[in-house]
Amino acid sequence: MLRYVLQEDKLMNIFNNPLTLTASKIVLSVFGLYTATKVALWLRLVYHTIGRDLGALYKLLKTKFRMSRYRRQNATVAKVFKEVVKRHPDKPLVYSNDQMWTFREMDEFSNRIANFFIEQGYNPGDEAALFMESKPEFIGIWLGLAKAGLVTALINTNQRKESLIHSILSVSSKALIYGPELEDAVLEAYPSLREKRNLKYFCFPKSLKSGLPVDDLEPLIEKSCTEDPAQLYLGNYTDKVLYIYTSGTTGLPKAAVIKNCRFLFVCHGVTNLIGLGDSEVIYTCLPLYHLSGGIIGAGLCLTMGHSIAIRHKFSAKNFWNDCIKYRCTVAQYIGEICRYLLCQPESPADRAHNVRCMFGNGLRLNIWKEFVERFNIERIGEFYGATEGNANVVNVNNKIGACGFVSQMLPGPLTDLFYPVSIIKVDEVTGEPLRKPNGLCIRCGPGDTGEFVGKIYPDDPTRAFDGYANREASDKKIIRNVFKHGDAFFSSGDLLTLDEFGYAFFKDRTGDTFRWKGENVSTTEVEAAIGSYLEHVDCVVYGVEVPGCEGRAGMAAILDPDDKVDVNKLLAEIRNVLPSYSIPTFVRKCQDFTTTATFKLPKVTLRNQAFDPSIDPVYYYDIRRGQYARLDQQAYKQIKDGQIRF
């Protein structure tokens, strides 16, 4: 007992010791200061973001409410379009050149398409490929096929030979519908297509050449009925409606599955989050085979009742004149479009239009302010989202340079309950997720750069990952055990950076793609084309940054120690098999390649060297001469200074 009393006295002496009291006060003061600082920072965060976050939450809930209603109604794109037609049949839907199609005219045209293909024996679930330049009939054809229950694969009009053949055959196409402007490409691919599949060929309006067993579609559908087909009312909310191609991370183009539910979710989400009015006129010069032009542009009008003016090919000279001509209130863009418009001489048309809002992706931070001021644009709706993905972010409050935001007011797990998108840390070389000792991924915080991912909810059609037509390719886009064991997230392959308020800024792409001229370029596809001509010499393709240009310019590094490769003969060959945007802007002739332990070529090292000609001989694509020219120090400086453009 005495021992315990003595120990208690010692403890009391320690606590009463002035040094102990001083140390305790310091600890409490530091802890209090730390807590007060954290609270102050959180309050500052709330002050700056609560309006943004609550506003976006309201718009998101509004979209989710609409989607719940669609789910109960078992809605499809075709059914929703029909309801829009009933509300205003004579309202203009599409302007193109000197044409104007009303909602009624599009309805009747698409009914003719639907009834014709039903009469030909096509059944719901059958698939067809559409290979056509942007025009009103493009929309009417896939819409008509959707009314008949068919799934349409929208083929990139830049594809040729192997790429085109692959895209047509990678889905279960029973028919190919094409425009006469692309007949040469179809003729070129026909021998291989004939060997591999028994396709039915249709040309709209009519074929210009012989050599194909083709039916002219226009005179055939004129005999068809304009009344609604019975199949229009049989489709389901979760049925596939389109395939839209994306290069993915490796290899040839992949057919991303677009279901009715995703189509409708995208249309309503964009309308609500960007803040479009009840009756806009949207201008787009983006290709209708892409998600941006085909769904976020034309599809939004089909389902929301807006009008759209389309130009089949971008023209910087005519962009604002078109907007004035069609009285457009909204316009679409990709980053390259904005840069090209700024490069045009100033004119009265720059501010004589009625466009108050532009939406798209890729508007660079360094030209954002100049762009909106010169062209008097009130609002920029920059967004980010992959074609095949289940997650996206939107710039809801005009934050310069941001493609959206991830709320920082609540801890990550709580934020995920409202909108399950995240940014996780990855290895900057391999792109693989970095994991904690427990095997789970690491969530990025302010100042971090990581991969954008979206949680997969299989039971929620708007949050499911529908993937590609190819199941194996779909599985490669899923990351498992992210924040808890057993969960699954869609892997975008894109790197985003967060600032202190949670604004997200696009940084780069992981994997084997890069973006150039508004298109995703597959490095492995380009490597295969070059390797085929050069008899499989070591070659690595990657994207390099060029001052003043959006995205990354393609560069091919070729092992050529004896200087045997004629770069312009190579150019002539790959032009036959690659779309123009995939042709490398630069070619580097390397003396040797130092491979890794797993025999991987040094893509990261080469990318860091960019197009510096002091290391190896480098050639650049001279637009004026239409061929490659040797890059000397003078030309190198001119590219760096923006005097030579691509």
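# Close-up views of the model

**View A. A salt bridge between Glu 545 and Arg 552.** Arg 552 counts as buried because its relative accessibility is 14%, where buried stands for under 20% relative accessible area, exposed for over 50%, and partly exposed for what lies in between (1.4 Å probe, protein chains only). Its partner Glu 545, at 54% relative accessibility, counts as exposed. The two side chains meet at 3.5 Å, N to O, which satisfies the rule for a salt bridge, namely a side-chain nitrogen of Lys or Arg within 4 Å of a carboxyl oxygen of Asp or Glu. The model is a predicted one, in which local features need pLDDT of at least 70 and side-chain atom pairs count only at pLDDT 80 or more, while totals for chains, interfaces and linings use all residues. Residues are numbered from 1 along each chain as its sequence is written, and side-chain values use heavy atoms, with hydrogens and water left out.

**View B. Further salt bridges, in pairs and in a network.** By the rule given above, the count comes to 26 salt bridges. In one of them the side chains of Arg 374 and Asp 350 meet at 3.1 Å, N to O. Arg 374 belongs to helix 14 (residues 365-375) and Asp 350 to helix 13 (residues 349-352), so this pair ties together parts that are 24 residues apart in sequence; helices (H or I, at least four residues) and strands (E, at least two) are DSSP runs, numbered from the N terminus. Both partners are buried, Arg 374 at 15% relative accessibility and Asp 350 with a relative accessible area of 7%. The salt bridge between the side chains of Asp 622 and Arg 625 (3.3 Å, N to O) joins a buried residue, Asp 622, with a relative accessible area of 6%, to an exposed one, Arg 625, with 51%. Elsewhere, Lys 82, Asp 107, Lys 147 and Asp 228 are linked in a network of salt bridges.

**View C. The open sheet that includes strands 24 and 25.** Five strands form this open sheet in the order 24-25-26-27-28, with mixed pairing; two strands are taken to pair if DSSP finds at least two bridges between them. Strand 24 and strand 28 (627-630) are the edge strands, each pairing on one side only, and the twist averages 25 degrees from one strand to the next. Strand 24 runs antiparallel to strand 25 (residues 553-559) and is joined to it by 6 bridges, with Ile 558 in strand 25 as the bridge partner of Cys 539. Strand 26 (residues 586-590) and strand 27 (residues 618-622) are likewise antiparallel, joined by 3 bridges, and here Phe 586 stands opposite Tyr 620 of strand 27.

**View D. Strand 24 and the helix across it.** How many of the residues of strand 24 (residues 539-544) are buried? The strand is mostly covered, with 6 of its 6 residues buried. In a regular strand the side chains alternate between the two faces of the sheet. Both faces of strand 24 are covered, with Cys 539, Val 541 and Gly 543 buried on one side and Val 540, Tyr 542 and Val 544 buried on the other. Helix 17 (residues 523-533) lies across strand 24 and strand 25 and runs at about 140 degrees to strand 24; axes are lines fitted to C-alpha atoms, for helices over the stretch in contact, and angles run from 0 to 180 degrees between N-to-C directions.

**View E. An open sheet of 8 strands, with helix 5 packed on it.** The strands follow the order 2-1-11-10-12-13-14-15, and their pairing is mixed. At the edges are strand 2 (99-102) and strand 15 (392-394), each of which pairs on one side only. Neighbouring strands of this sheet are turned against each other by 20 degrees on average, direction ignored. Strand 1 (residues 92-96) pairs with strand 11 (residues 307-310) in the parallel sense over 3 bridges, and Tyr 95 stands opposite Ala 309 in strand 11. Helix 5 (residues 136-147) packs on the sheet, touching strand 1, strand 2 and strand 11, and its direction makes about 30 degrees with that of strand 2.

**View F. The largest nonpolar core and the surroundings of Ile 295.** This core has 78 residues, and those with the most contacts inside it are Phe 117, Ile 141, Trp 142, Leu 217, Phe 263 and Ile 295; a nonpolar core is a set of buried Ala, Val, Leu, Ile, Met, Phe, Trp, Tyr and Cys residues joined through side-chain atoms within 4.5 Å. Helix 9 (residues 260-274) provides the largest share of this core, 9 residues. Leaving aside residues up to four places away in sequence, Ile 295 touches Leu 242, Ile 244, Ile 258, Phe 263, Val 266, Cys 267, His 290 and Leu 300, contact meaning heavy atoms within 4.5 Å. Apart from the largest core lies another, of 44 residues, including Val 521, Ala 553, Val 565 and Tyr 620.
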